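Grab a pencil and work through a few short exercises on the structure shown here. Try each task yourself before you read its solution.

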Amino acid sequence: MLGTPLNWSTDFATAFFAWACFLCADIAWRRNSLMAIEFLPARLPASAQKFLRMINYAIISAFLLYLMVMGTWLAWTSRVRSFQGIPEISYSWVTMSASVGGLLLLITTILKIRGEFRQAKSAPAPRPDVL
């Protein structure tokens, strides 16, 4: 409309959307705003709930490590490919969002694990009943 073609606007929006997905997932994970089903875990004792959380964090961490490794491999193998036919932009800029997003999410997961251990240390020890 203004005499400037917007041929690449959809392509750039696609690239920025890939980055936005991972960045927003990290923000939601840090704020505990992700969807969760707590019907069964809420009925378990506190120690079992913590055990399930730690198992969940371990599974998430393993997946994020895999995502980082494979995302880096994908970025490396696609470094010579141009993004959507734009010769100046490598497809690696888009695929690297998986590795960087995985790293950010892994850092958040590690912070959550550290928080679990700090919370356990700061909790007062149960007092034995005195007769």
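The exercises below go from the overall layout to single residues, and the model they use is predicted.

**Exercise 1. The layout**

Work out how many helices and strands the chain has, and in what pattern they follow one another.

Solution. Start by counting: there are 3 helices and 2 strands. Next, walk along the sequence, and you'll meet them in the pattern α-α-β-β-α. Now look at contacts with a separation of 6 or more: 74% of them join residues 24 or more positions apart. Finally, check burial: of the 131 residues in the chain, 24% are buried.

**Exercise 2. The nonpolar core**

Find the residues of the largest nonpolar core, then say which element gives the largest share.

Solution. First list the members. The largest nonpolar core has 8 residues, and they are Trp29, Tyr57, Leu64, Leu67, Met68, Ala98, Leu105 and Leu106. Then sort them by element: α2 (46-77) and α3 (92-122) each give two or more residues to this core. The largest share belongs to α2, with 4 residues. To see one member up close, pick Ala98: leaving out residues up to four places away in sequence, Ala98 touches Phe22, Leu67 and Gly71. Leu67 is itself on the list of core residues.

**Exercise 3. The largest pocket**

Describe the largest pocket: how much space lies in it, and which residues are closest to its centre?

Solution. Begin with the space, which is about 590 Å³. Then turn to the lining, made up of 19 residues; the closest to the centre are Ala36, Glu38, Arg53, Asn56 and Tyr57. Tyr57 also turned up in the largest nonpolar core. As for elements, α1 (9-30), α2 and α3 each give two or more residues to the lining. The most comes from α2, which gives 6 residues. Last, sort the lining by kind, and you get 11 nonpolar, 4 polar and 4 charged residues.

**Exercise 4. Two cysteines**

Decide how many disulfides the model has, and work out where that leaves Cys21 and Cys24.

Solution. The test is a simple one: two cysteine sulfur atoms must lie within 2.5 Å of each other to be a disulfide. The count comes to 0 disulfides. Take Cys21: its nearest cysteine sulfur is that of Cys24, 7.3 Å away, and Cys21 is in no disulfide. Turn it around and Cys24 is in no disulfide either, with the sulfur of Cys21 as its nearest, at 7.3 Å. Now for exposure. Cys21 has a relative accessible area of 38%, so it's partly exposed. Cys24 is partly exposed as well, with a value of 48%.

**Exercise 5. Two single residues**

Place Asn32 and Ile89 in the chain, and decide for each whether it is buried, partly exposed or exposed.

Solution. Go to Asn32 in the loop between α1 and α2. Its phi is near 55°, a positive value in a residue other than glycine. The cut-off for exposed is over 50% relative accessible area. Asn32 has 59%, so Asn32 is exposed.

Now Ile89, which sits in strand β2 (residues 86-90). Buried would need a value under 20%. Ile89 comes in at 21%, so Ile89 is partly exposed. As a last step, follow the chain from Ile89 to Arg79: they are 10 residues apart, and their C-alpha atoms are separated by 9.5 Å.

Key:
Residues numbered from 1 in each chain as written. Predicted model: local features only at pLDDT ≥ 70, side-chain atom pairs only at ≥ 80, totals over all residues. Heavy atoms only, no water. Buried < 20%, exposed > 50% of the residue type's maximum accessible area, 1.4 Å probe, protein only. Core = buried A, V, L, I, M, F, W, Y, C linked by side-chain atoms within 4.5 Å. Contact = heavy atoms within 4.5 Å. 1 Å grid on protein atoms, 1.4 Å probe; cavity = no way out; pocket = protein on both sides within 12 Å on 5 of 7 lines; lining within 4 Å. Points joined across faces, edges and corners; volume = space filled by probe spheres on them. Nonpolar A, V, L, I, M, F, W, Y, C, P; charged D, E, K, R; others polar.
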